[in-house]
Amino acid sequence: MSFDSSKHIVDYGDTVLLYIGYDNMLPVVIEEGKTHQTKFGAVKHDELVGKQFGTRFQCPRGWIYILRPTPELWTLSLPHRTQILYTTDISMVVFQLDLKPGSIVAEAGTGSGSLSHAILRTIAPTGHLHTFEFHKERSEKARQEFHQHGHAECVTVTHRDVCGDGFQLDHIVDAVFLDLPKPWECITSAKKAIKKQGGRLCSFSPCIEQVQRTCEELSAQNFTDIVTMECLARHFNLQYAKLQNVSFEPNKTCLETKASEVETESEPPVKKSSVISSNKDKVGDSDVHQFTSAVPAINMPGHTGFLTFATLTYH
């Protein structure tokens, strides 16, 4: 049950993350007598038992960190059975669906369980997640992982195609999340699953044509506050730029002119020119001043998908 935030010591059966280096984390289930090979040498599971999470462990040719998995770290290191949602989208989903401890959520489909782990942490300890996966082997694997990570009591994994057979839930959930090729086909079933006092719905789609059809069906089913957004992380590079001063007065820069005006108005005089000159470089006969700027990175992250949110009031 290593996903429990109150757990500090590694024990048999725990899932731990071996931090081997930048962008290199390996999920490992601790088993008695087992050895795991890394680029720094062999890691014996028995030697990890009893150590605290966050400990630096010495290997024959280097060292690694033993990390306790969190939903964010699990997203970065989980075995991919499908394409997954990452933390940028996940954080918006959890916020917009207004999830909190005690919330009941329906999710279709489960996939690799990236979003599922974040939902389970948010709704614990009294909430419940009903997650549906049409692929039988993926649903079985997800069920095993949830049990291994200590979430067995908070999640129900169902092997079902909700587009054809529906959720089969009768007004019990606070929120619904859809990650399906044709989400508009199960809006009616999702509406029936939401509590009579209302709730929220989110649909994740990579194509705008899917979004259009979903929005049309949501409107037809009397959902309101329909909003579609795209979450992209944009990185900025910090650079130092030099700008030459321009002045129409002979032998005097703009900043020097302004500084002299300030001196005449202040009592006693303040030497503003000395402060300005500290950020000034002399290049030939021109005065150049340096300032800090932020510019977008040349390589921008690509498109992930569109998140469509809607509200269902009392029905």
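## Strands and pairing

Two strands pair if DSSP finds at least two bridges between them, where strands (E, at least two residues) and helices (H or I, at least four residues) are DSSP runs numbered from the N terminus. The model described here is predicted, and local features are reported at a pLDDT of at least 70 and side-chain atom pairs only at pLDDT 80 or more, whereas totals for chains, interfaces and linings use all residues. Residues are numbered from 1 along each chain as its sequence is written, and side-chain values use heavy atoms, with hydrogens and water left out.

## Strand S7 and its neighbours

Strand S7 spans residues 104-108, and 4 of its 5 residues are buried, a term that stands for under 20% relative accessible area, with exposed meaning over 50% and partly exposed the range in between (1.4 Å probe, protein chains only). S7 pairs with strand S8 (residues 128-133) in the parallel sense, over 5 bridges, and within this pairing Ala106 stands opposite His130 of S8. Between S7 and S8 the chain passes through helix H4 (residues 114-123), giving a β-α-β crossover that is right-handed; the word right-handed applies if, with the strands pointing away from the viewer, the path from the first strand over the helix to the second runs clockwise.

S7 also pairs with strand S10 (residues 175-178), again in the parallel sense and over 4 bridges, and here Val105 stands opposite Ala175 of S10. In general, the side chains of a regular strand alternate between the two faces of the sheet.

## The sheet and its helices

S7 belongs to an open sheet of 7 strands, whose order is S9-S8-S7-S10-S11-S16-S12 and whose pairing is mixed. Strand S9 (155-159) and strand S12 (224-229) stand at the edges, and because each has a single partner strand, one side of each is left without a neighbour in the sheet. When direction is ignored, neighbouring strands of this sheet are turned by 15° against each other on average.

The antiparallel sense appears where S12 pairs with strand S16 (residues 306-312), over 4 bridges, and there the bridge partner of Val227 is Phe309 in S16. Helix H3 packs on the sheet, touching S10, strand S11 (199-205), S12 and S16, and its direction makes about 5° with that of S16. Helix H5 (residues 136-148) also packs on the sheet, where it touches S8 and S9, and its direction makes about 165° with that of S9. For these statements, contact means heavy atoms within 4.5 Å, while axes are lines fitted to C-alpha atoms (for helices over the stretch in contact) and angles run from 0 to 180 degrees between N-to-C directions.

## Backbone features in the loops

A cis peptide bond, with omega about -5°, joins Ala108 and Gly109, and Gly109 is found in the loop between S7 and H4. The peptide bond from Ala124 to Pro125 is cis as well, with omega near 5°, and Pro125 has its place in the loop between H4 and S8.

Asp98, in the loop between H3 (87-96) and S7, has a phi near 60°, a positive value in a residue other than glycine. Gln168, in the loop between helix H6 (162-165) and S10, likewise has a positive phi near 60°, and Gln168 counts as exposed because its relative accessibility is 57%.

## Aromatic pairs

A search of the whole structure finds 4 aromatic pairs, where rings of Phe, Tyr and Trp (its six-membered ring) pair if their centres lie within 6.5 Å, and planes under 30 degrees apart count as stacked, over 60 as edge-to-face and the rest as tilted. Among them, the rings of Trp63 and Tyr65 have centres 5.3 Å apart and planes at 80°, so this pair is edge-to-face. Trp63 is partly exposed at 37% relative accessible area, and Tyr65 is partly exposed at 28%. Phe132 and Phe167 form another edge-to-face pair, with 5.2 Å from centre to centre and 80° between the planes. This pair links distant parts of the chain, with Phe132 in strand S8 and Phe167 in the loop between H6 and S10, 35 residues apart; Phe132 is buried, with a relative accessible area of 3%, and Phe167 is buried as well, at 1%.

Tyr19 joins Trp63 and Tyr65 in one aromatic cluster. Arg56 lies over the face of Trp63, at 4.7 Å from the ring centre, in the sense that NZ of Lys or CZ of Arg is within 6 Å of the ring centre and within 35 degrees of the ring normal.
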